[in-house]
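Hi there,

Here is the structure I promised to pass on, with my notes on it underneath. I hope they help when you open it at your desk.

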Amino acid sequence: AVCSMGNSTSRLYSVLAKTLSSGAVSQHQDCLEQLDSAQLDPIDPKDLLEECQIVLQKRPPRFQRSFVNLKKNGASNHRPIRVMQWNILAQALGEGKDNFVQCPMEALKWEERKCLILEEILAYKPDILCLQEVDHYFDTFEPLLSRLGYQCTFFPKPWSPCLDVEQNNGPDGCALFFLKERFELINSANIRLTAMKLKTNQVAIAQTLKCHETGRLFCIAVTHLKARMGWETVRSAQGCDLLQNLKNITQGAKIPLIICGDFNAEPTEEVYREFSNSSLNLNSAYKLLSPDGQSEPPYTTWKIRPSGECRHTLDYIWYSQHALNVNSALGLLTEEQIGPNRLPSFNYPSDHLSLVCDFSFNQDPDRLL
């Protein structure tokens, strides 16, 4: 049943309500693909946030996180570019395969969990949004975010594990969203990653954008590498393939680059070293939160499964350190905020934390490679 929203008769609620109706899910993709999102009325993010908060009124409030100022030099001459990276947890996997033994099934209901996801996105107002494990793209994220002014792209996994779950909502994949008022799309590539010359089930999206304000080009990429222990060699090969694709797209780093992803790899893995030592001159933005600027956060995912507690650093925002500055980064949730039952929870919709950074272009465009 759709949650009551009192006497609200907003046009927005009619869209939100449709995405809450599980009975209509199977019909969404066909009808939405035929809609031209440009013909849909724009919506005010404040209205959407209010609708989400009404749905969530019986849940505990959102966790409060603060941005950490990382700026070392003077003010840039343009608005920063806010980038958000998040594995939002595929609904089919959360309900059917991931076995979060300390998370009540009630907390995973899509009717409310999707509003928690939207609330988090609306709270941080990213200019660019990179998501993994998206299995409600056509019935939720594309129709709503396009009306918020985002251009939307989705690339599903060829053999998504979501399809093995009964009453699934289709395959999960990576999704990339950017605000059309800030950027122009110059080029877009959907990349199916290879390992040892074989195509794999993991994908990436890479888009070259032009910043309206500065006229500068940059490339934004989103990916999700192979999960689980024992697959380190495959992740390493997938990382090499992605880096080679990005070298071609950025003309060997002449175009600045930001890469968001769930790499499913701790900093000790080979794929992490490949990105750290790449000729693209990449740095990991969240290292800058550490006292020495050299250490990744202690965790970006924290959950409890039948096999025990899983606390890992798997999610990253990489950037061209010769061309881009990190002005600020969103602090992570503390252990106290996360609580003893870990993630996901009634407070938080995913087993992964969102990462958010504000970037500015280096005022000296000379390459320091």
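**What I found**

In the protein chain, 78% of the contacts with a separation of 6 or more are between residues 24 or more positions apart. Please keep in mind that this is a predicted model. The chain has 369 residues, and 58% of them count as buried. Its secondary structure consists of 9 helices and 15 strands.

**The seven-stranded sheet**

Let me start with an open sheet of 7 strands, which has mixed pairing and the order β1-β14-β15-β2-β3-β5-β4. At its edges are β1 (67-69) and β4 (150-156), each of which pairs on one side only. On average, neighbouring strands here are turned by 20 degrees against each other, direction ignored.

Strand β3 is a good place to look. Its residues are 128-134, and 5 bridges join it to β2 (residues 81-87), with the two strands running parallel. If you want to find this pairing on screen, valine 83 has isoleucine 128 of β3 as its bridge partner, and methionine 84 has leucine 129 of β3. Strand β3 is also joined to β5 by 5 bridges, and that pair runs antiparallel. There, valine 134 stands opposite glycine 173 of β5. How many of the residues of β3 are buried? The count is 7 of the 7, so β3 is largely enclosed by the rest of the structure.

**Helices around that sheet**

Helix α5 packs on this sheet and touches β1, β2, β3, β14 (324-330) and β15 (355-361). The direction of α5 makes about 160 degrees with that of β2. Helix α6, for its part, lies across β3, β4 and β5 (173-179), and runs at about 160 degrees to β4.

These two helices also pack against each other: α5 (residues 110-124) and α6 (residues 137-147) make an angle of about 35 degrees, and their axes are 12 Å apart. The crossing of α5 past α6 is right-handed. On the α5 side the contact is made by Trp110, Lys114, Ile117, Leu118 and Ile121, and on the α6 side by Thr140, Phe141 and Leu144. By class, that contact has 6 nonpolar residues, 1 polar and 1 charged.

You may want to colour α6 by burial, because 10 of its 11 residues are buried and the helix is therefore largely enclosed by the rest of the structure. Among the buried residues of α6 are Asp139, Glu142 and Arg147, along with Phe141 and Leu144. Just after α6 comes glycine 149, which takes a positive phi of about 100 degrees.

Helix α5 has another helical partner to show you. Helix α3 (residues 45-55) packs with α5 at an angle of about 140 degrees, and the axes are 9 Å apart. This time the crossing, of α3 past α5, is left-handed. Pro45, Leu48, Leu49, Cys52, Gln53 and Val55 of α3 meet Glu111, Glu112, Cys115, Leu118, Glu119 and Leu122 of α5. The contact of α3 with α5 divides into 8 nonpolar, 1 polar and 3 charged residues. Leu118 of α5 appears here, and it also takes part in the contact with α6.

**The six-stranded sheet**

Another open sheet has 6 strands in the order β6-β7-β8-β9-β13-β10, with mixed pairing. Its edge strands are β6 (183-195) and β10 (282-284), each pairing on one side only. Neighbouring strands of this sheet are turned by 20 degrees against each other on average, direction ignored.

Within this sheet, β8 (residues 217-224) and β9 (residues 257-262) run parallel and are joined by 6 bridges. One position to look up is valine 222, which stands opposite cysteine 260 of β9. Helix α7 (residues 232-249) packs on the sheet and touches β6, β7 (198-211), β8, β9 and β10. The direction of α7 makes about 145 degrees with that of β6.

**Cysteines**

A last point for the bench: how many disulfides are there? The count is 0, taking sulfur atoms within 2.5 Å as the cut-off. Is cysteine 219 buried or exposed? Cysteine 219 counts as buried, because its relative accessibility is 0% and the cut-off for buried is under 20%. Cysteine 240, by contrast, has a relative accessible area of 39% and is therefore partly exposed.

Happy browsing, and do write back with any questions.

Best wishes

Definitions and conventions:
Residues numbered from 1 in each chain as written. Predicted model: local features only at pLDDT ≥ 70, side-chain atom pairs only at ≥ 80, totals over all residues. Heavy atoms only, no water. Axes fitted to C-alpha atoms, helices over the stretch in contact; angles between N-to-C directions. Helix = DSSP H or I, 4+ residues; strand = E, 2+ residues; numbered from the N terminus. Left-handed = near helix turned anticlockwise from the far one by under 90°. Contact = heavy atoms within 4.5 Å. Nonpolar A, V, L, I, M, F, W, Y, C, P; charged D, E, K, R; others polar. Pairing = 2+ DSSP bridges. Buried < 20%, exposed > 50% of the residue type's maximum accessible area, 1.4 Å probe, protein only.
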